[in-house]
Amino acid sequence: MSNLHTRCLLTIVCEALLEPRIEADLKRLGAPGWTATPVRGRGEHGDREGHWENDGNVRLEVVCSSERAERIAAHLHEHYYRDYAIVSWLAEVKVLRPEKF
Amino acid sequence: MSNLHTRCLLTIVCEALLEPRIEADLKRLGAPGWTATPVRGRGEHGDREGHWENDGNVRLEVVCSSERAERIAAHLHEHYYRDYAIVSWLAEVKVLRPEKF
Amino acid sequence: MSNLHTRCLLTIVCEALLEPRIEADLKRLGAPGWTATPVRGRGEHGDREGHWENDGNVRLEVVCSSERAERIAAHLHEHYYRDYAIVSWLAEVKVLRPEKF
Amino acid sequence: MAIDPVVYFFGFGLIAGLLRADLRLPGPVYDALSFLLLLSIGLKGGVELARHGSIELLWQSLAVIGMGILLPILAFPLLRGIGRLGRSDAASIAAHYGSVSVGTFAVAVSWLGSRGIEFEPYMALFVVLLEVPAIIVGILFARGLQHNLDWRDMGRELFLGRSVLLLGGGLVIGALAGGEALAPLEPVFVDAFKGILALFLLEMGLIAAARLGPLREHGLFIVVFAILWPLFSAIIGLLFGLLLGLSPGGVTILATLAASASYIAVPAAMRIAVPSANPSLSLAASLGLTFPFNILFGIPLYAEVAQRLGGG
Amino acid sequence: MAIDPVVYFFGFGLIAGLLRADLRLPGPVYDALSFLLLLSIGLKGGVELARHGSIELLWQSLAVIGMGILLPILAFPLLRGIGRLGRSDAASIAAHYGSVSVGTFAVAVSWLGSRGIEFEPYMALFVVLLEVPAIIVGILFARGLQHNLDWRDMGRELFLGRSVLLLGGGLVIGALAGGEALAPLEPVFVDAFKGILALFLLEMGLIAAARLGPLREHGLFIVVFAILWPLFSAIIGLLFGLLLGLSPGGVTILATLAASASYIAVPAAMRIAVPSANPSLSLAASLGLTFPFNILFGIPLYAEVAQRLGGG
Amino acid sequence: MAIDPVVYFFGFGLIAGLLRADLRLPGPVYDALSFLLLLSIGLKGGVELARHGSIELLWQSLAVIGMGILLPILAFPLLRGIGRLGRSDAASIAAHYGSVSVGTFAVAVSWLGSRGIEFEPYMALFVVLLEVPAIIVGILFARGLQHNLDWRDMGRELFLGRSVLLLGGGLVIGALAGGEALAPLEPVFVDAFKGILALFLLEMGLIAAARLGPLREHGLFIVVFAILWPLFSAIIGLLFGLLLGLSPGGVTILATLAASASYIAVPAAMRIAVPSANPSLSLAASLGLTFPFNILFGIPLYAEVAQRLGGG
Ligand SMILES: Nc1ncnc2c1ncn2[C@@H]1O[C@H](COP(=O)(O)O)[C@@H](O)[C@H]1O
Ligand SMILES: Nc1ncnc2c1ncn2[C@@H]1O[C@H](COP(=O)(O)O)[C@@H](O)[C@H]1O
Ligand SMILES: Nc1ncnc2c1ncn2[C@@H]1O[C@H](COP(=O)(O)O)[C@@H](O)[C@H]1O
Ligand code: NA
Ligand code: NA
Ligand code: NA
C-alpha cells in the first residue's frame, strides 16, 4: 500500500512500580499515546513474577517518530537503567495515519 | 537461517468492547489466527485504564501475508477509526512455517 | 542515533501449560532474559480463551542475538510444533546496550 | 437516623479518587463484586416473586415497561432543545437516564432495610424490566428505523447482556428453588450482601471521581441536567408508584429507579449501536454526578416524599 | 424432594453458554473459587479423619487405590477395541475416567447433605487417593516403560499438582488443628461452601457448553461412552463400597467418584506426558457430557441404587 | 494450648513453596485478600476508637510515633557498623524494621483472640501511626536533606499509600458509623476475617519461601540480624507498652509491632526514594525470615514475657 508511513515502535519493560513515573516522562517527552500491559519476566534482576505487590513488570509500547523514540530511550537510559529492572528496544513499523504518531 | 520466510505482523489496539466485532472481521478477512491481550492505554480518547466494565483496551496481533494485513488495516480504518479508540501498526517479521501464516 | 545496535526479538505464543518447559529451554539455550504475558488466542487448535485452568496461552518475548534467536526457534520447532498449540516469529530490533542482549 | 454506612464507603472512594490515591481493586475483583450483587438481587427477588406473584403483577410490569419507554421520550427533546446536544448524544443520554442503575437500586434497598421500611419484595423484577426499553427508544431516536442496524444482533446484545441475564437468571433460580432450598446459599448471597455492596461502592466512588474531571469540558448544561433530571424523573416514578398502589417503600424504590441512570449496560449498548455519541459525556453525567447525587441525597429525599404522600 | 439448587446454577450456566452469552467470571475468580472448594473439602475431611480415623481406613484406602488402578485398565481395551481410538487417545481417556472430578464429588456431598443422608465424613481422603493412580496407568498404556519419560519430573507434576496438594494440605491442617480450633474459619470454609459451589457450577456450565461443540466432530462412539461408561463404573464403585462396608451415603459417593471423570488434573498431566493425545476429545467427553450427566442424573440414580442395596 | 490454625496455613504455604509447588492464587485475588484485611482491621479499630477514645490516647499516640522514629535510629548504626552495609542498604533495612507488618499484627490479634486474652481494641490506630515515621527516617539516613528529592511527591506516596489509606479510611468509617450500623457488614468484615487471614497467610508462606533463596547470597549477618533484631526491638516495644500502661495483651501487640518488619509499604517507598538500595536484600530479611520467625515463635514469646511482666 502506498499510504503506509514509517514510524518507530518503542517497547519498554520495567518494574511495575516505575509505571507512573515513566508515563509522566512519556507525556513530558511528547509521546502521542501508549499502551500498557502487565507482564512477568526474568533478567539480571532475577524473577519478577508479579504474584504480589509490585513484584511484576509492565510493558509500555509507544508508536512515534524515530527521533522522539530515541530521545525517550536515551532519557530512560540516563535515569533508570542503573538502579532499576528495565529494558527497552526499538523497531520499525508502518502506520496509516502519519499525523497521529 | 535460510528457511525463514517474511510475513507481516499486524498489531491492533482498540477498546475492549470492539473485540468480538473485530475478531469476526479478522475471521471473515481470512486471518489464519490471532493473539489477544487485555491492555490499558492512553491516546486521543483519554485514559483507558481497564479498571471496570469495558473501560480497557485489547491488543490483537495477527501474523499473515502483508497483502492480507494491509487489507485488514484498511478495513479497520474505514469502519472504526472515526468513532472508536483504536490504533494499529504493521511490522515485518520472519517465520519458520510459511504455509501457516 | 549512532549507538543503537541490532538485535533480534523472538516472540513465542504457546499454550500456558508449556511455559515452565519452554522457559527451562530458554535458560538452557542462553537467553539473556525474557518477558511473559498471559494471552488468549485463536489458531489451528481452536479458541484458547484462558477462562479456566490451562485454557489460555502465554506470549514469551526474548531479545537476543539473531543466531541465538534462530537456534531457539529451531529448537521449539523440533520439540513442540507437532503436538502443541504454538507459534513464533522473529523481528529485527535496536537496543542501546548490546552487551545486555 | 444516621447515614447508611455503605454510603461512607462510597464517600471514602470518592475522596480517595479525588486525591488520586490508588485504592483500585483489580478489574477481576470488581467484576466478581458486580456479578455477585446482580445475582444476589435476582435470587432474592425470585424467591419473593414465587411467594407473592399475582396477576396484578402483570399489569404493574406493563406499566413499569411503559415508564421505561416514557422517560427517554421526555428526556430527548429536552436534551436536544435546551441542551443543544447533537442527535446522537441526546439519544444516548436519554437512553442512559431512561434505563436504571442496579447499584443505586441496591443502595435504596439497603437504605430502606436499615430503617425497617417495608417494600414490595419483588422489585428486582422491575429493575430487569427497566433496563432495556430505554435503550431501544434511544437507538430509534439516534438512527430512526434505518435498515443497516442489525437488530437481531442488537437484540442478543441487549437481552443476553450481563446484567439482564444475571438478574433474570437469579429471578428464575430463586423462583424455581424457593427460599428454603436456597437457605444454605445465604451466607454468600444474602448475609454477605451489604459487605459486598460496601466494597462495590468504594470502587464506584473511585470511578465516579475519575469521571468528574471530564465533566468540566462538557459545559454547565450537562451538570444541571444530571442533578435536576433525577428530581423530575423521580416525580414520574413516584406517580407511577402511587398509581400502581405500591407501599411507601415500593414507591421510594420506583422513584429511585426512575431517577437513576445506567452506567454499565447502556454505555456498552450505545457504544455499539450509536458509535458517534460521545461515551465520556454520558458517563460523566450518569456516573460522575447522578449516581453520587442519588446515593447521597436523592434516596432519602424520595423516601421522605413517598412517605408523606403515603403510598399504598 | 426438589432438585438441589446448586444444580440450577449449573443449568443456568449451561443455557447461557449455549446461547453464547458472556457470563464468564474472570479467570482469577474462577481460580479462587476452585482453590476454596478444594481447600474446604480437604479441611472438612481432615477434621473428620482425625475424629474417625481407624486401622480399618488403611484397608479401605488400599482398596480405593486398587479401584483407581482397575478402572482405567477396564476402560482402555474398550476404547481401543470398540472405540477404535489410537493408543494415545485411548490411554488418555482411560486416565480421565479412572481419575475423579472434585466438582462432581462436591455436588454429591451437597446432594446428600440437603437430604440429610449420612455418609462416612472422611471421603475426601478417597478423592485424593483416586486422583493419581489412573494417570500413572494411562501414561503406562500410552508409552509403556519407555525410558525417555522423566518420571521424577512427572512425579512432581502429579503429587505436587494443585488439587492433590490443596486437598492433601487441607486434610493435614484439618487433622492437626481439629474442628474446634478451626471454628473461627468456618464462615469462609464451611458456611460459604454451598454459595461458592453454586458460583463454581455456574462457571462449569458455561465451560461445559463450550465443550459440547467439539463433541460433534468426534463421532458417536465417544458420546455413547461418556454416558454409558459412568453407569458401568458406578456399578464398580457401588460394589467396592459395599465390600468396604460403607453406609448407603458412602456407597453413593464412591459410586459417584468411580463414575466421574477428571477435567482438571488429568488433562494437564496428559498434555505433558502424552502430548499426541487430542486434549479436546477427552475434555469434550468428560466435561461436555459426563460431568453434566452425573450432576443432573447420575448422582440421584446412584443414591437410589445404593439405598436399595442398603449398603452398610 | 495448640497452635493458632492460621499458622498452619502459613506453614503449608511455606512447605509448598519450598517444594516449588504452584499453589499461587492469582495476583488479583491476593490483592483482594490484603485489601479486605486492611479495611477490616481499620473498621474494627475505628469502632473501638469511637467507643474508647480519650485524651490519654493522644499521648499514647505521640509515644508510639516516637517509637517509630527511635527504632530505625537504633538499627541504622548497627547495620552500618557491624553489618558493614552500604549507606543505602542500611537505611532501607532500618526503615523496613522501624515500620510494621500488618500481616504480623493480624496474626497477633488472632493469637490473642483465640486465647481470650484482652487487649486495647484500638491498637489498629498504632499500626497506622507506625507505618510512616520509619520510612522518613530511613530516607533521611540515605539521602540527608538533599534538595533533589521531591518531598511533596514523596508525601503523597507515603500518606496516600494503599495500607495507610485503607487502615485510615477504615478507622474513620468505623468511628463515624459505629458498631451497630456496621453490624450488617460483619459477615464480610468480621466473621470472614480469620478465613481470609488463613488464605492470606498461605500465600505469604509461598512468597516467603521464594525469598529464602536470595538470602544465601547475602551472607550471615543479615540472617542473624533478621532473627536477633526482632527480639531486641520487641523489648523496646514491651517497655513502651508498659510505660503507656497497656494491658498485657496490648503490650504483646506493641512488642509484636516493634518486632515486625514491613514488606509491602516500605519496599515500595524505598524503591522510589532510595533506588540504589538492593530491594531483594531487605525483602529476604523481612519476609523470608523475620515474618516467619515472628509468626511462629515471636508472638507466643512476647505474650509470655508481657504476661509475666504483668503489663497494665
Ligand atoms: N533479553 C530480554 N528479552 C526480553 N525481555 C527481557 C530481557 N531481559 C530482561 N527482560 C525483561 O526486563 C525485565 C528487567 O530486566 P533486568 O533488568 O535484566 O532484570 C525482566 O524482568 C524481563 O521482563
Ligand atoms: N502512539 C501510541 N502508541 C501506542 N499505543 C497507542 C498510541 N496511541 C494510542 N494508543 C493505544 O490505542 C488506544 C486508543 O487510542 P486513541 O484512539 O488515540 O485514544 C489507546 O488507549 C492506547 O492504548
Ligand atoms: N496467525 C497468527 N497470528 C498471531 N497469533 C497466532 C496466529 N496463529 C496462531 N496464533 C496464536 O498461537 C496459538 C496457537 O496457534 P495454533 O497452534 O495455530 O492453534 C493461538 O491460540 C494464537 O494465540
Ligand atoms: Na432512570
Ligand atoms: Na472415575
Ligand atoms: Na518494626
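How many residue pairs are in polar contact between chain F and chain A? There are four such pairs, both residues at pLDDT 80 or more; a polar contact is a pair of N or O atoms within 3.5 Å, one able to donate a hydrogen and the other to accept it, and residues adjacent in sequence count only if both atoms are side-chain atoms.

1. A word on the model. This is a predicted model, where local features need pLDDT of at least 70 and side-chain atom pairs count only at pLDDT 80 or more, while totals for chains, interfaces and linings use all residues. Residues are numbered from 1 along each chain, chains are lettered from A and ligands numbered from 1 as written, and hydrogens and water are left out.

2. Where the chains meet. Chain F brings 17 residues to the contact and chain A eleven (heavy atoms within 4.5 Å). Arg24(F), Arg271(F) and Ile272(F) supply 38% of the area that chain F buries against chain A, more than any other three residues (buried area is the accessible area, 1.4 Å probe, that two parts lose on being put together, summed over both).

3. Charged partners. Two salt bridges link chain F and chain A (a side-chain nitrogen of Lys or Arg within 4 Å of a carboxyl oxygen of Asp or Glu). Arg211(F) and Asp55(A) form a salt bridge at 3.9 Å, N to O.

4. The sodium ion. Ligand 4 has as protein donors the O atoms of Tyr97(D), Ser99(D), Leu257(D), Ala258(D) and Ser260(D), at 2.3 to 2.9 Å (for Na, donors are N, O and S atoms within 3.2 Å; water is not among the atoms, so the site may look incomplete). Along the chain, these donors follow the spacing Y-x1-S-x157-L-A-x1-S.

Notes: Donors = N, O, S within 2.8 Å, 3.2 Å for Na, K, Ca; no water.
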